[in-house]
Amino acid sequence: MGEHHGPATGMTRWLFTTNHKDIGTLYLWFSFAMFIIGGAFAMVIRAELFQPGMQMVSPAFFNQMTTLHGLVMVFGAIMPSFVGLANWLIPMMIGAPDMALPRMNNLSFWLLPFAFTVLLSSLFMEGGAPNFGWTFYAPLSTTYAPPSVTFFIFGVHIMGASSIMGSINIIATVMNMRAPGMTYMKMPLFVWTWLITAFLLVAVMPVLAGAVTMMLMDIHFGTSFFNAAGGGDPVLFQHVFWFFGHPEVYIIILPAFGVVSQIIPAFSRKPLFGYDSMVYATASIAFLSFIVWAHHMYTVGMPIAGELFFMYATMLIAVPTGVKVFNWITTMFKGSISFETPMLFCIAFVFLFTIGGFSGLMLAIAPADTQYHDSYFVVAHFHYVMVAGAVFSMSAAVYYWLPKWCGRMYDETMGKIHFWVAFIGFNITFFPQHFVGLAGMPRRIPDYSLQFADFNMISSVGAFIYGGAQILFLYNVIRTIVAGKKVDDPKVWDGAEGLEWTLPTPAPYHTFTTPPQVK
């Protein structure tokens, strides 16, 4: 890598790179690989639930699948994909030459393949992979867990270290490396959402590390943090876990909000409505995310005053979230909208995320949640937020910025086909789960009562449609990189309706987010 050997090539370029674009690319490809693996686990789950009775896999393996599906999707697919987006875009959006700490940037990526190799290798260990759900509640995860749980703990530690380093890097970059004149209130919203997300990560990742360290002590060193027989408390685990876990779901969704806030104005041909309120709403959501964690725990026997506090605090989060939704809709209102693929994903995001928000409001109500708790209604709720939220916005981001990344334009027709297959497959999968959940079907159970058979069959069919859509997505991306029309070729825009316009830069914070200008 010495100065005299010219630019690094091949393997060396990717292993030792300190270039934010290369590292962003590594994150994006890694996260997509994890997305496919996590999706394969989901396919096993839906295949088993296609009809009642035991057919595909054993209950033990089913539980390993539910655990790994959640862990891989949250920590391996969604989070690294948005970190990849941050790496690619933040320096360019704020006019910085690179990230503030480029060597740490390299390290924070390369920890991830190692962490997930450790986690996934548990599938091949004696006793199998962890089987206690992605929330790994103690004392189940400490007393009756397979030996592989120790490797799982190690993997979580490494992943957490990666997250913290990536976040410190983003904070240092945004606070110290903005171009002259790029004040905080002129930054693109994607930069704002990631800055706030980075502070959330730095705050809660050590809490997760504490939870898994206490697990490790209980398993190997004779402590009783979570074991009632030794004077510990299982509910303590839930408090520590959800104090991390609730801000975590906002860590997942805030960058998605940032993406949507970049794309909707571009395809509405007008500036984002209510920029300042969007920034304050994002900060409010981040603050409130720390004081609502026990809404995941209404069934543990909290005092009524505790339930009331967490109920009202949770419902309060709906206010800044609603501000965001109204601002997006108002941005589109009277805009000259064109419905290219990124915009379709963003409109679907706004619609479906709102459905997820409403079912979340239902779950916030303590006496109602006591009934919904651990049913498929909860599964439907958080998939509407995480899949229609994070994954749809990530798809929008890739279609929107891919021409900037590789200099080639994706095929609009193929993009639209991917969108419609994904949109329809998603809704067929998760909408019926509201019904079976309210009717009493419990989550994380490999078998079910006969009356749930029809909706589960529909749900499983939808899941395979949605899974197929992602293979289409992979095809689209590779086809673009290999054979897409170059973006400087005027022919690229033939057939892209409504794109024969030149977009003036409406405001400073749009400088880096307009689509390619077509003369």
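User: Helices are DSSP runs of H or I with at least four residues, numbered from the N terminus. Which helices each supply at least two residues of the lining of the second largest pocket?

Analyst: The model is a predicted one. The second largest pocket has a volume of about 510 Å³, and 24 residues line it, with Leu 28, Trp 29, Phe 32, Val 398 and Trp 405 closest to its centre. At least two lining residues come from each of helix H2 (20–48), helix H3 (59–94), helix H13 (376–406) and helix H15 (453–483).

User: How many residues does the helix with the largest share give to the lining of the second largest pocket?

Analyst: By class, the lining holds 19 nonpolar and five polar residues, and no charged ones. The largest share of this lining belongs to H13, and that share is eight residues.

User: Which element supplies the largest share of the largest nonpolar core?

Analyst: The largest nonpolar core has 160 residues. Within this core, Phe 75, Phe 136, Phe 152, Trp 194 and Trp 328 have the most contacts. The largest share, 21 residues, is from H3.

User: Which residues does Trp 194 touch, not counting residues up to four places away in sequence?

Analyst: Trp 194 is one of the residues with the most contacts inside the largest nonpolar core. A contact requires heavy atoms within 4.5 Å. Leaving out residues up to four places away in sequence, Trp 194 touches Phe 82, Val 83, Ala 86, Ile 90, Ile 170, Leu 201 and Pro 255.

User: Is the pair of rings of Tyr 184 and Trp 192 stacked, edge-to-face or tilted?

Analyst: The whole structure has 51 aromatic pairs. In the pair of Tyr 184 and Trp 192, the ring centres are 6.0 Å apart and the planes stand at 45°. Planes under 30 degrees apart would count as stacked and planes over 60 as edge-to-face. Because 45° lies in neither range, the pair is tilted.

User: Is Trp 192 buried or exposed?

Analyst: Its partner Tyr 184 has a relative accessible area of 30%, so Tyr 184 counts as partly exposed. Buried means under 20%. With a relative accessible area of 14%, Trp 192 is therefore buried.

User: What is the angle between the planes of Phe 241 and Phe 244?

Analyst: Phe 241 and Phe 244 are three residues apart in helix H8 (residues 234–268), which means they are separated by about one helical turn. Both are buried. They form an edge-to-face pair with 5.8 Å centre to centre, and the angle between their planes is 70°.

User: Which element gives the most to the lining of the largest cavity?

Analyst: There are five cavities of 30 Å³ or more in the whole structure, and the largest holds about 100 Å³ of space. Its lining has 14 residues, with Tyr 27, Pro 80, Val 83, Ser 162 and Ser 163 nearest the centre; two or more lining residues come from each of H3, helix H6 (149–176) and helix H7 (189–220). The lining divides into 10 nonpolar, four polar and no charged residues. With six residues, the element that gives the most is H6.

User: How much space lies in the second largest cavity?

Analyst: Leu 71, Phe 75, Ala 115, Phe 116, Leu 119, Phe 152, Gly 155, Val 156 and Met 159 form its lining. H3, helix H4 (102–121) and H6 each supply at least two of these residues, and H6 has the largest share, four residues. The space in the second largest cavity is about 70 Å³.

User: How far apart in space are Lys 270 and Gly 335, C-alpha to C-alpha?

Analyst: Lys 270 sits in the loop between H8 and helix H9 (275–288). Its relative accessibility is 24%, so Lys 270 counts as partly exposed. Among the residues it touches are Pro 265, Phe 333 and Gly 335. Lys 270 and Gly 335 are 65 residues apart in sequence, and their C-alpha to C-alpha distance is 6.3 Å.

User: Is Gln 433 buried or exposed?

Analyst: Gln 433 belongs to helix H14 (residues 412–438). Leaving aside neighbours within four places in sequence, its contacts include Arg 46, Tyr 376, Phe 377 and Ser 459. Buried means under 20% relative accessible area. At 3%, Gln 433 is therefore buried.

How values were computed: Residues are numbered from 1 along each chain as its sequence is written. This is a predicted model: local features need pLDDT of at least 70, side-chain atom pairs count only at pLDDT 80 or more; totals for chains, interfaces and linings use all residues. Side-chain values use heavy atoms; hydrogens and water are left out. On a 1 Å grid over the protein atoms alone, a cavity is a set of points where a 1.4 Å probe fits but cannot get out, and a pocket is an open set with protein on both sides within 12 Å along at least five of seven lines; lining residues have an atom within 4 Å of a point. Grid points are joined across faces, edges and corners, and a volume is the space filled by probe spheres set on the points. Ala, Val, Leu, Ile, Met, Phe, Trp, Tyr, Cys and Pro count as nonpolar, Asp, Glu, Lys and Arg as charged, and the others, Gly among them, as polar. A nonpolar core is a set of buried Ala, Val, Leu, Ile, Met, Phe, Trp, Tyr and Cys residues joined through side-chain atoms within 4.5 Å. Buried means under 20% relative accessible area, exposed over 50%, partly exposed in between (1.4 Å probe, protein chains only). Rings of Phe, Tyr and Trp (its six-membered ring) pair if their centres lie within 6.5 Å; planes under 30 degrees apart count as stacked, over 60 as edge-to-face and the rest as tilted.
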